[in-house]
Amino acid sequence: MKKILVVYYSQSGQLQRVVETITSPLVAAADVELQVEPLRPAVEYPYPWPLLRFLDAFPESVRLDPPPLQPPAIDREARYDLVILAYTVWFLAPAPPVVAFLRSEVGRAVLRDTPVITVIACRNMWHLAQEKMKTLLREAGARLSDNVVLVDQGSSLATFVTTPRWMLTGRRDRLWGLFPPAGVAEEEIAASARFGHAILDALRQGSLDGRRPVLTGLRAVKADIRLVPGEKIATRSFLIWSRLIRLMGLPGSPGRKPVLLIYLVFLLAMIMTVVPISMALRALLRPLFARRLEAQRLYFEGPSGRGEERMREYARMARR
Ligand SMILES: Cc1cc2nc3c(=O)[nH]c(=O)nc-3n(C[C@H](O)[C@H](O)[C@H](O)COP(=O)(O)O)c2cc1C
């Protein structure tokens with residue numbers, strides 16, 4: 001019997017559906033025991049989010065300083081052949097409840113010396129969040145086997161409208177015939193069952209040991225390295241502003257509101273000026289740095305990569 005622990009935190013249920021789809025072949029397998037643990041903060045975050053409450057979550061998210069969780073029903077003595085850790089990205093960092101789990105005693109106990117597959121479903125800015133995740137996993141003594149990334153459908157410009165609209169109103173539908181529905185495309189979620197089939201095969205072959213990836217050739221990750229410089233600039237500004245906001249009080253305290261509003265104006269101004277200018281400059285300079293950028297792309301796409309050589313075989317299984 002192979003034992004798998006699945007841990008995730010999902011607000012709208014999108015990441016939950018991704019998890020259910022990926023694990024469907026594992027649920028059906030008689031030789032796999034699957035334990036699924038949705039994380040629950042001691043005080044739930046709102047969804048949809050009031051605007052100021054949304055902004056108020058940013059200082060603690062970027063500083064990886066999460067609020068406490070309700071204790072998950074996991075035995076800290078239990079050992080697993082695999083932990084699947086599915087997370088969303090909040091302000092360029094793993095969502096706080098997942099950070100809380102990684103930092104908890106029980107989280108550290110079950111992750112130690114255990115292969116981990118991370119699954120991300122977010123707008124599209126996940127690159128630096130996964131770097132933070134790698135550090136958290138290293139601190140917990142876990143072994144990162146693979147990373148799977150699903151991003152919201154549409155261009156960066158479209159999701160700049162559709163994702164916040166979804167978070168702030170709960171509405172995901174197509175907008176003005178101009179913007180696609182918010183979130184990850186349904187076909188992409190359905191097709192993610194291929195990862196479950198590949199995990200099952202690797203478990204049965206004994207190749208899932210956290211030392212080499214088992215989800216290569218399945219188009220697990222496509223990095224968009226054009227986003228990385230913006231993520232770096234934003235992280236730096238988030239860290240500076242979060243220090244200031246935390247001086248004004250704890251999450252939810254009224255003293256934080258004026259600074260949050262000033263920050264919102266600053267952020268929107270940055271997004272509309274600095275970001276497009278720096279993206280245009282970088283696009284012009286890209287040919288000069290082609291080799292370095294290719295190395296960067298390969299780095300962010302590790303360990304599983306964007307290769308497609310096993311797609312046909314596993315896509316057929318996923319459709320069945
Ligand atoms: C507070 C907050 C901050 C977010 N920040 C980011 C971000 O920095 N990058 C990103 O790609 N997506 C971001 N998102 C979108 C989430 O990663 C995710 O796609 C969305 O919350 C839906 O996930 P769910 O399954 O929990 O409903 C953010 C969402 C929330 C609620």
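This report describes the overall fold, one central strand, the ligand shell and an annotated segment of a predicted model.

**Overall fold**

The chain contains 14 helices and 7 strands. Its C-alpha trace spans about 55 × 45 × 40 Å along the principal axes. The radius of gyration is 20 Å, which agrees with the value near 20 Å expected for a compact globule of 320 residues. Of the 320 residues, 38% are buried. Among contacts with a separation of 6 or more, 81% are between residues 24 or more positions apart.

**Strand β3 and its neighbours**

Strand β3 covers residues 82-87 and is mostly covered, with 6 of its 6 residues buried. Leu-82, Ile-84 and Ala-86 point one way from β3, while Val-83, Leu-85 and Tyr-87 point the other way. Both sets are buried.

β3 is joined to β1 (residues 2-8) and also to β6, as the table shows.

| Strand pair | Bridges | Direction | Example of facing residues |
|---|---|---|---|
| β1 and β3 | 5 bridges | parallel | Tyr-8 and Ala-86 |
| β3 and β6 | 5 bridges | parallel | Leu-85 and Thr-118 |

Ala-86, the bridge partner of Tyr-8, is therefore a residue of β3 that is buried, having 20 or more other C-beta atoms within 10 Å of its own. Leu-85, which stands opposite Thr-118 in β6, points the other way from β3 than Ala-86 does.

**Ligand shell**

The ligand is surrounded by 20 residues, the closest being Ser-12, Leu-15, Thr-88, Cys-122 and Arg-123. By character, the shell consists of 12 nonpolar, 7 polar and 1 charged residues. Four elements each supply at least two residues of this shell: the helices α1 (14-27) and α7 (156-169), and the strands β4 (89-90) and β6 (115-122). Strand β6 thus appears both in the shell around the ligand and as a parallel partner of β3.

**Annotated segment 260-285**

An unreviewed UniProt entry places the feature "transmembrane region" at residues 260-285. In the model, the chain over residues 260-285 is 96% helix and 0% strand. The C-alpha atoms at the ends of this segment are 35 Å apart.

Ile-271 lies in helix α11, which covers residues 257-272. Is Ile-271 buried, partly exposed or exposed? Ile-271 is partly exposed because 13 other C-beta atoms lie within 10 Å, and this class falls between 12 or fewer for exposed and 20 or more for buried. Thr-135 is 136 residues from Ile-271 along the chain, and the C-alpha atoms of the two are separated by 28 Å.

How values were computed: Residues numbered from 1 in each chain as written. Predicted model: local features only at pLDDT ≥ 70, side-chain atom pairs only at ≥ 80, totals over all residues. UniProt positions renumbered as here; feature names shortened; annotations may be inferred. Near = placed C-beta within 6 Å. Nonpolar A, V, L, I, M, F, W, Y, C, P; charged D, E, K, R; others polar. Pairing = 2+ DSSP bridges. Rg over C-alpha atoms; globule rule 2.2 N^0.38 Å. Contact = placed C-beta atoms within 7 Å.
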